[in-house]
Structure formats: C-alpha cells, structure tokens
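Biologist: I am new to this structure and would like a close look at one part of it, a place where two helices pack. Please take me through it slowly.

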Amino acid sequence: MPKVLVSDPIDQAGLDILSQVAQVDVNTSLSPEELVAAIGDYDALMIRSGTRVTKAVIEAGQNLKIIGRAGVGVDNVDVPEATRRGIVVVNSPEGNTIAAAEHALAMMMAMSRYIPSADRSVKSGEWKRKDFTGVEIYKKTLGVVGLGKIGSHVATVARAMGMKLLAYDPFISAERAEQLGCRLVELDLLFREADYITLHLPKTPETTHLVDEKALATMKPTVRIINCARGGIIDEVALAKALREGTIGGAALDVYESEPLGESELRELDKAVILTPHLGASTEEAQVNVAIDVAEQIRDVLLGLPARSAVNIPGLRPEVMQKLRPYLQLAETLGNLVGQLAGGRVEELTVRLQGDIAGGDTQPIMVAALKGLLSHALQERVNYVNASIEAKERGIHVIETRDADIRDYTGSLNLSAKGSLGEHSVTGVLLGGSEIRVTDIDEFPINVPPTQHMLFTLHRDMPGIIGKIGSLLGSFNVNIASMQVGRKIVRGDAVMALSLDDPLPEGILEEILKVPGIRDAYTVNL
C-alpha cells in the first residue's frame, strides 16, 4: 500500500480521502533534517505553508510521486527540482476563492459603517451614534483591479447589491468584463472615478506599490481601498499619510508588506482603517475545500490518474515527458517573451509548429506556450492544467498551425501575439536538443539565447546608434552581457537584442526612447 506523509495540519476530511488508498502518517513537528531523513519511505507528501520542500527533501524522496500543497501558493516547494525528477506538484487554486472574495466584501461593508470602531465603543460603555454615521454602497462605484476568479466573484456580488462597476485587467477581454457587468477602463481612470477600490492581483515587480503616493493623490477624498490580495501592492507609508491627512476616506487591509504586521502608523489610525491578520482563506469551508481538493489529487495520482491542478507537468508518462520537456520549455519561454513584447491585453495567439514538432501530440506544447504567455501577469496562478482555461476566460483566441515541411532546423516554433498594443512575433529553436535560441523577432533574423534580463529595440539601421545605446546603459551602470543586431535591408529598420547582467533601472527606458533613430524599446525579464 502507498504511504503518504502529512507534515502540516490538514482537515480530517482530507485525511479520510487519503486513507482510502494509502497508509497516512501525520507528523507536524518534523525539523527540516528529520523531514529529509523520513521522506524516502513515502510515495506522497501533503503540506500547507509550514513545510519547506527543498531540493534536499526532493532528492531524498526517492519514491515520491506527488507533492500536494493545501492552498494556492507553492513558493515553499522547489517546483523545478520536482519537475526534473518527474514528481507532480499540485495545489488548490480555487479552494479559497469564495472565502477571499467574501472577506473583501465584508471589509468593504464593515469600513462603510465603521463596525469595528462602533463595536469597541459600545463594549467600552459608550453610546455615540453620531460618531459612526456611515455611507451606503448602493449606487456607489466599485473599481475592481484584477478580474480573476476572486475579483470576478466580488464584482458579481457587488453588482447584485446595486453597485456600479469599473474594472482594470490588461489580460481580460472587454467581452468578459461586460459579462460581469464591468466597464473595462485604464487604471488611472479607475483610480479617479471609483468610490471603492478592491485589489485582486498577484504581487509582481509591476504591481509592487501599484497604489503609491502619486496614485493616492489622484483618488477621490472619499475613496475607500480594500486589499485582501497580496501585501506590498499598496505603499503602506503613503497610505498611512493619506489616511492621516484625510486625502482618502478609509482603507481595509488583510495583507501587509511584512507579516506579521510590525510597527506601523496604520495601527494608530483607528476609525480610518480596518486591519485583519491575513484571514482571506481562513474559513472552515475553505480549509475543508483545500484539504479535499488536494487529497483527491494525491489519491488520483497514486491510482495512476492525472491530477487536475498540477503546477508543473501533469498527466504525462515519464517517457513522453522526457521527449517533450525541451520543447515545452521552448514554448513556455517564447510565450513569456512574446507576451512581454506585446504588452497590454493579448487577444489572439498563433502558434506555428514547424518541422519535426509539427507531428504527434502537440497539445502539451500549446498549453506550455499559453502558460508562458500568461505567466508574467498571473505568476503562480497559471499552470499547465489551467492555462487554457485562463486564456479562454480572458478572451484569448488561440490558433494552431503546423508545417512539417519547413526544415531550417529540425524543429522550430513561431508564436505571434496580437493585442491592444499591436502585434509581435518570435521564433525559437532547440540546438543540440536542449539549448534554446531565439532566431527571429518580428520577422527580423537574429540568433540569441534567452537570458533573465533582456532589452530589445526597434531602430533605424544607422551609424552610431549601437554606441549611443551602449554608452547610455553604461552611464546607468548597466553591464551588457551580449548584443546582436538583425536587419532585413541596409539602412532600413533593425532589431537589437541585448542580454543584461541586471534589470534596467527605473527611468532608463524613457531615456533610450529619446535616442535619435530609436523607434521603440522593450524590456523583458524571463
């Protein structure tokens, strides 16, 4: 009988499911060293946020077939190492959707009627009704930033309560927003017009301090802000200042830049702000849901069935995975690259499979391309199982074409993304069976390996422009690892691809665009 180790507290409903097919051992007090020593005896590991599944743990888990995280994030699991060893990693991406959405709605209502402050007042023996005159949410405008599953549920309920809805999500189609009753607008317009703003997006370099002092200054003086998504999306120092000075009406936070919340002026603002200790997923139902969801997936994998919410590569036999893995990485890298080049909302993705990869089962390659396309925006929320669903929900039309006769390389892949900011395409190949090379950007021939930090420019092919860009980067202390130019005709347009040792500092892209001859510039972080 298979053996499952449960190393964090899990609801009994999940344990009961596992017990149907395996011996279940619950040990929630293992040290990292003890976990490494014990894991070799187990076929599956079920965790929450407390256990760190490191490379050492995975290397010791010679019999491991699956690692299940009863929750959304998998930042405590070395997913790449698990994938290399053929171990499926699963999570529960939807188990706490309703809980998180309802907490955001509860925060909005409590803030509108000063419920926490009024409660404390009455319990202290006071009866100050006039001090707690609230506002109605009926006919007020709610700005929803991020229309994923949680944001969509918030919008649906808010609409039923009579609120007007604005939404910002560069990866959602206008048609999908309209189905939810939302008017899709740019972020600055949402900030200006909303009476309430609720945040439902991951924390990325682009969303860190999305709500900063400048953004707060554009909002209504009566606006109320809710963040039950991720800490760090709001600049807490700027928020405290705005609340203290009365330039916004209130805030309700469930997540913080540093948790537990330490010394913070937000604690002193009392009536103006509501603070809860990261309770978004803390409902009895959510804990049961994630336990059942992940336990069912572990059960299925132990029975030889595919997992429905694998974070890495699910449902492939080892021999098939071994053959496709390099092409999956190629597709995901190119998808990530073309998505960042396209920017904004992508409406159509065309995947052209050429040469040897045009035959056989190409569905995993298509899914990998979509995962790459969406990964920059959705981070850990997108995986090989839900990439197609996420793309469909965002109104992305996917086109697959095959041409086995193209033989420039043994097999090549071309991705073209069309969206709100135009159309871009990339082509890539595998050299030596595993080394990824980008051979074409917007039909300009190049030959560069993708790196973590890259800069692409579209410019006039003219003397001195390469030197100017190099000098400008040097003035910002940016080191160039490699550079290549691709052109179609002499003195026409050209593309320059630069691999950088570090990400570009803030403001340098604007300076690059001022260089005579530069038509456009794009930063890419892979």
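Which residues in α1 meet residues in α12?

Modeller: This is a predicted model, in which local features need pLDDT of at least 70 and side-chain atom pairs count only at pLDDT 80 or more, while totals for chains, interfaces and linings use all residues. Residues are numbered from 1 along each chain as its sequence is written, and side-chain values use heavy atoms, without hydrogens and water.

On the α1 side, A13, G14, I17 and L18 make the contact (heavy atoms within 4.5 Å), and they meet V288, A291, I292, A295, E296, I298 and R299 in α12. Sorted by class, this contact of α1 with α12 holds eight nonpolar, one polar and two charged residues, with Gly counted as polar. Helix α1 spans residues 12-19 and helix α12 residues 284-302, each helix being a DSSP run (H or I) of at least four residues. Their axes lie 7 Å apart at an angle of about 15°, on a scale from 0 to 180 degrees between N-to-C directions. The two helices are therefore roughly parallel to each other, a term for angles under 35 degrees, and α1 passes α12 in a right-handed crossing, the near helix being turned clockwise from the far one by less than a right angle.

Helix α12 also has a part in the second largest pocket, an open set of 1 Å grid points where a 1.4 Å probe fits, with protein on both sides within 12 Å along at least five of seven lines. This pocket holds about 1200 Å³ of space, and the elements giving two or more residues to its lining (an atom within 4 Å of a point) are α5 (97-112), α7 (149-160) and α12.

Definitions and conventions: Parallel < 35°, antiparallel > 145°, perpendicular 65-115°, else oblique. Points joined across faces, edges and corners; volume = space filled by probe spheres on them.
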